[in-house]
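Biologist: I'd like a close look at one part of this model, the sheets, followed by whatever else you can say about the surroundings. Please spell out your cut-offs as you go.

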Amino acid sequence: PASAAPVATHPLAVAPVTGPPSSVDGFVREFLNNLNYEQGVALSSSSPNDRYLALAYTVRDYLMARWLEDQRRQREVQAKGVCYLSAEYLLGRQLDNNLLAARLTDIATEAMAACGIDIDDLRQLEVEPGLGNGGLGRLAACFIDSLATMSVPSTGYGLRYEYGIFRQTFVDGEQIEQPDAWLTLGSPWEFPHPEAAQTIGFGGYTEKYDDEGVARSRWVPGWTVQAVPYNYMVPGYHNGRVNTLRLWSAVASSAFDLRIFNAGDYAEAVRAQTFAENISKVLYPEDSTPQGKELRLQQQYFFVAASIHDFLEHSLSPDFDLANLPDRVIFQLNDTHPVIAVPELMRVLVDEKGMKWDAAWAITQQCFAYTCHTLLPEALEMWSVDLLGRLLPRHLEIIYRINDEFLAAVRERFGDDEMRIRNMSIIADFPERSVRMAFLATVAGAKVNGVAELHSQLLREKVLPDFDEFYPGKFTNVTNGVTPRRFVRLANPGLASLITEALGAGWTVDLERLRGLEAFAEDPEFRAKFAEVKAANKRRLSDVLRTRDGFEVSDGHMLDVMVKRLHEYKRQMLKVLHIVTLYEGIASGRVAAADVQPRTFIFGAKAAPGYVMAKRIIHLINAVGSVVNADPRVEGRLQVLFPPNYNVTLAERVIPAADLSEQISLAGKEASGTGNMKFALSGALTIGTDDGANVEIRQLVGDDNFFLFGMTEPEVEALWAKGYKPSDFYQADEGLRRAIDLIASGAFSGGDRSTFEPIVSNLLYDDRFMVLADYASYIAAQARVDAAYADQDAWTRSSILNVARSGFFSSDRSIRDYIDRIWHTPPVL
Ligand code: GPK
């Protein structure tokens, strides 16, 4: 029941909240206040972490008035809004972003200086919230930034993992995972709201009962967990708007504990508490390869159930007619992870609100939309009926009924085509009876979208063709994007200033304006300035890698960068073969080191802890690096650097320094890629396959400014159909043979031929991702890269054109597309 509004009895209680004064003095006062009254220390005795926290609190205070106001307005205006449901948000550091959004960067810098503090020292202290694995989680973070910047009513919902993505270290070149205890020193950006906790049930049984003559079902859970929300500010850029990211944390239900306490089993009660709190303990580190673990399903249900209830309770007035729910909300499903929200909403509407099934289903089908992020069959989540039925028995019943009605409709339309019906069933029978979450999402979603043109096309034609036929108009595309605030303004301040100098300030929120740089590409003076920015970014990266990892980046090298999760389909192995080919040429004496274009290769990649082949490839990259970097015959002209623990913070330094962006997945495997966009916007030229958003990047920047290689997706299909034998490619290509033989010889493993043997035999006899088939084409493209790089001025021109023509890849544009094609949620100013 909504409580009556409190009565203001003091004049200050109704005064508009305005926040502290925007002046250096005001900031200093606020900062010292926070240091004294929140941290409880004097400046003279404060630790760096005290100062960081006080600074963060101060920035928060400036945003607070707007945040409170926007929360109030979002409730009051009753406009349709987006609930973005995502198991991952890979946010990156918050301090700089929030300073920028609030226009406080200069004031805070001066204020800290006035206190004798270098703000840069405090920046370094922030531990980034790594609540995501890779592209999918980072996309969610870019999207909430754009939603706030575009004043779209929206809330991001997710999980507050106590441990984010693991910290990666290397021991003898092999990946070791360490827990990411990001909350240890406190997170100043979050606001817990235990009073708004939700109770989430699990297990138990279902029963039918008679409700005044109406037969109904209900779920009697076996145990419950409390979901406590933590709110995070999501400030828009210079628009005074602050949206909310709401992440749920699991706490044991006291009622449940009491029962056991009363039975006298203290130890069991504590164990139960640990059991409950495990739910939000750790982010699953598998990217694109879900593990089907019970705890993961618990996480998924936990956060979506809490989110749906939260929305229904706090965003709608008590007398709201749920028949109108589609006018008020769209739940966007970020991949299949939150899809269990579909039967949950049905359960709420039918079992709890007493709605008729058909009415509830009609509403549900308008309230969800589904984004697919992959084409890999192993990435499409399936939950065994056994597990789902044990954990969520009522939801399983609901899924069965949805499926029955769906298949009946399919039969009506296509006749008793049993093959088709088996192919379209939400319930799969092999290898075990399980629920295909992507099918459930497709049936329930008002719209289904892929994340790049090619991906959306393949999704319709190859993955879900029957569904496309059955649901005309349901499938659409929204090409991914990245936020220019974090990835240009913050990560590349030199380039940002240069752009503003040339074009004025509007580009940060209207990235298509970068087109204006095309004319400047012809201006030698501008090219010189642009080249100087790139050189400065390389020096900045060099400084970071020196202090972080003890690396020295050589001057005058082309920076050739491949950063992304380690996955065979992304083909880090192809990059390794290129490096080994160059090295083998020098080591064998066939190529003079002096004739090799100096290059520094930078890798960044985490492997899922259980992904053995990926970990072997990491080991190999490090092993090749050790040998190549130390061999005097190379004369320092090739250098392989693999800084451990690639994350958003490191990405912000690496990407702006890059000359060459490696986007070399097998065509048809990378749904979109978003790193590719960040590089193009930083003026790196791409060497890439016709895959994911690379296709659109190339179309926009032009063939002259992009190094295309490799088979197209139809060519890949044709080669599979014909029968792919990687060893044929090995036999036919001398360079390839030499490279693979060198790895097989033990040259990178102290003479031990067994260390990398599994990689070699995988390439020769399996090679699912056709590394060998694309090798020759890749090497030829790299030769074109070398030739192009030799003309520095022409390269810089291409580089400028990459920036000028990549404005399309702003996540603001993606969000505009979501609004137009899927959400229909106009901005509310
Ligand atoms: C796709 F299926 C998945 C997944 O589990 N995790 C993930 O990061 C990525 N993705 C795709 O691999 C990228 O191509 C894409 O750009 C990104 O999602 C965002 O859409």
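**Sheets first, then the rest**

Modeller: Three strands make an open sheet here, ordered β15-β17-β16 and paired antiparallel. The edges belong to β15 (382-384) and β16 (427-428), each of which has a single partner strand, so one side of each has no neighbour in the sheet. On terms: helices (H or I, at least four residues) and strands (E, at least two) are DSSP runs numbered from the N terminus, and two strands pair if DSSP finds at least two bridges between them.

Before going on, this is a predicted model, where local features need pLDDT of at least 70 and side-chain atom pairs count only at pLDDT 80 or more, while totals for chains, interfaces and linings use all residues. Residues are numbered from 1 along each chain as its sequence is written, and side-chain values use heavy atoms, with hydrogens and water left out.

Back to that sheet: β16 and β17 (residues 434-436) run antiparallel and are joined by two bridges. Ala 428 has Ser 434 of β17 as its bridge partner. Helix α15 (residues 437-444) packs on the sheet, touching β15 and β17, and its direction makes about 50 degrees with that of β17. Contact means heavy atoms within 4.5 Å; axes are lines fitted to C-alpha atoms, for helices over the stretch in contact, with angles from 0 to 180 degrees between N-to-C directions.

There's also an open sheet of six strands, this one parallel, in the order β22-β21-β20-β23-β24-β25. Its edge strands, β22 (638-641) and β25 (706-708), each pair on one side only. From one strand to the next, the twist averages 20 degrees. Inside the sheet, β20 (residues 558-563) and β23 (residues 660-663) pair in the parallel sense over two bridges, and Val 561 is matched with Ser 661 of β23. Helix α26 (residues 694-701) lies across β23, β24 (685-688) and β25, at about 130 degrees to β25.

Further along the chain comes helix α29 (residues 734-744), whose buried residues are Leu 736, Ala 739, Ile 740, Leu 742 and Ile 743. They sit on the same side of α29 because they cover an arc of only 155 degrees around the axis, the arc being that of the directions from the helix axis to the C-beta atoms. Buried means under 20% relative accessible area, exposed over 50% and partly exposed in between (1.4 Å probe, protein chains only). Among the elements covering those residues are α22 (572-587), α28 (726-732) and α31 (771-790). At the N-terminal end, Asp 733 caps α29, with a side-chain oxygen 2.9 Å from the backbone nitrogen of Gly 735. Just past the helix, Gly 746 has a positive phi of about 90 degrees.

One more spot is Asn 477, which belongs to strand β19 (residues 475-477). Asn 477 is buried, at 7% relative accessible area. The side chains of Asn 477 and Ser 456 share a polar contact of 2.6 Å; that term means a pair of N or O atoms within 3.5 Å where, within protein, one must be able to donate a hydrogen and the other to accept it, and residues adjacent in sequence count only if both atoms are side-chain atoms. Leaving out residues up to four places away in sequence, Asn 477 touches several others, including Asn 449, Glu 453 and Arg 821.
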